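Got your viewer open? Let's take a short walk through this model, one selection at a time.

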Amino acid sequence: RRVSIGAGAYSVTQLVIPAGSPGLDASSAVIKGRGGSTTGVIVLGSTIDPLIGAFISVNVDVTAGDPIAIQGYSTSDCIITGCRASGFVDNATLNHFGLRLNGACKRNVIANNNFKLRINPTQRGFGIAIYGVSNASVAFGGFFAGAPVRADDPAVANAIIGNSVTDGSYAISLQACEFNVVNGNSGYNQNHRGMFTGDSAWFNIISGNSFYGWTTGILLSYGSCYNSVENNYLYTTYIGGEAGVNIQAGSTFNTVRGNKIVSSANYGVYVGPDCVGTEVLSNSITGSFVAHICVENDWLPARPANNSFSRPNYEAPPAGENWSHVTLADVVIKGNIFGAGAATRNIASVFVAQIDGPGATSLTGVRIVENEQVSSTNVGTNLAIYRMTDAKATGWIVKRNNWHPTKPFVSSTPATPAADWSPVSAANDNGALDPLILGGTIAVPDGTTTPSVAHNGPPLMP
């Protein structure tokens, strides 16, 4: 039988729940760390003998300075529920964690836990962090090698449901994790990201979560591939944050669908270098500071001439590396609804840019389809496109969008703020935009009953 601890306060340096134990129910008690452990007040198994099939419910007080409330190693088939952790103190050198699981953790249910982290910590604070075993031969999920790779032994099939995380830096972080479900969680006042995935995080479902008060709501980075980010509510009033959903660094074939993004971050959804095959579908976005949706293939230290909407490169890549390695292709922006921009701003609803950075890559096959701009407030441009080399900006398609009738369209290059629309290979049903893309209208004389007219631009889409 699992061990139960009744009401009361119990002081421990470290409490280990060994392999083979059916678990611990100390939800009515307070387990107080003494500040003497950097590896967890509550420890689930060990690196040699993982805890499997146990029930865990504990209330941890870390006011003595312990940086980790609950630590597990390859923990599997456990139910971790009703846990609480609070009282984290600031530490100049160590991150702090409500729940940290390392190794090939599998099939755990992590539900209805409540972690109160340190507000604005010097280092990083994580509510729930799971670290599978990453690829030993290729770091950063394969990004700097130019191709995503799978983790060697990922954390698989964990259900992270209904948890609440307040303050700290990240509510939830998944690295080297596959086929996990993150649903119905709440993150409040994280000073970096509501949720982060990286280091080969593949095939995860991130849905129905609410993240409030962040610089990025959900960040998919460093080889996070084939994930689904759906029906989340992302809200922040911070000015100058990155994005509601930020996809970058070789994270490919992800779907961002049906999210409600109310945010004064720079972008509602941002798609960056090497993020091939991204789908941005049916999201509602309002309040953005620079653009509601931005797609670009590379980063430069500063925005180039005649470019008002690109994301500057915040820092140089590691020595000898680039931020872009492959052609950014086949990004789909479809069915999104765009509201007002941030107060006092003149944003673009959609911005697409081919950037000539050190990676010397191209941007091709962007599809902008059936989107709707419903507000003109603080919106300066419906659609803005930018390219630095014509031959590297090809096959962009714009069709059946309902742009705001009072707002303009912008095509520019470093040489001219009013360039032609040659990157767009096909367009139709875009209102005032179509004549710009198609190279002008053709007049048919009065009385002509059966005209045969060839337009003077690229072919229309059927």
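**Start at the shaky end**

Select residues 448–462: pLDDT (the predictor's confidence in each residue, from 0 to 100) stays under 50 there, and the model has 27 contacts beyond four places in sequence for this stretch, a contact being heavy atoms within 4.5 Å. Now pick residues 440–444, where pLDDT also stays under 50 and the contacts beyond four places in sequence number nine. Where pLDDT is low, the predicted coordinates should not be read in detail. For the protein, the mean pLDDT is 91, and 94% of residues reach 70 or more.

This is a predicted model, so local features need pLDDT of at least 70 and side-chain atom pairs pLDDT 80 or more, while totals for chains, interfaces and linings use all residues. Numbering runs from 1 along each chain as its sequence is written, and side-chain values use heavy atoms, without hydrogens and water.

**On to the cysteines**

How many disulfides does the structure hold? Zero, counting pairs of cysteine sulfur atoms within 2.5 Å. Click Cys83: it is in no disulfide, and the nearest cysteine sulfur, in Cys78, is 11 Å away. Cys83 is also buried, at 0% relative accessible area (buried means under 20%, with a 1.4 Å probe and protein chains only). Next, select Cys275 and Cys225: the sulfur of Cys275 has its closest cysteine sulfur in Cys225, at 8.5 Å, too far for a bond. Cys275 is buried too, with 0% relative accessibility.

Definitions and conventions: Buried < 20%, exposed > 50% of the residue type's maximum accessible area, 1.4 Å probe, protein only.
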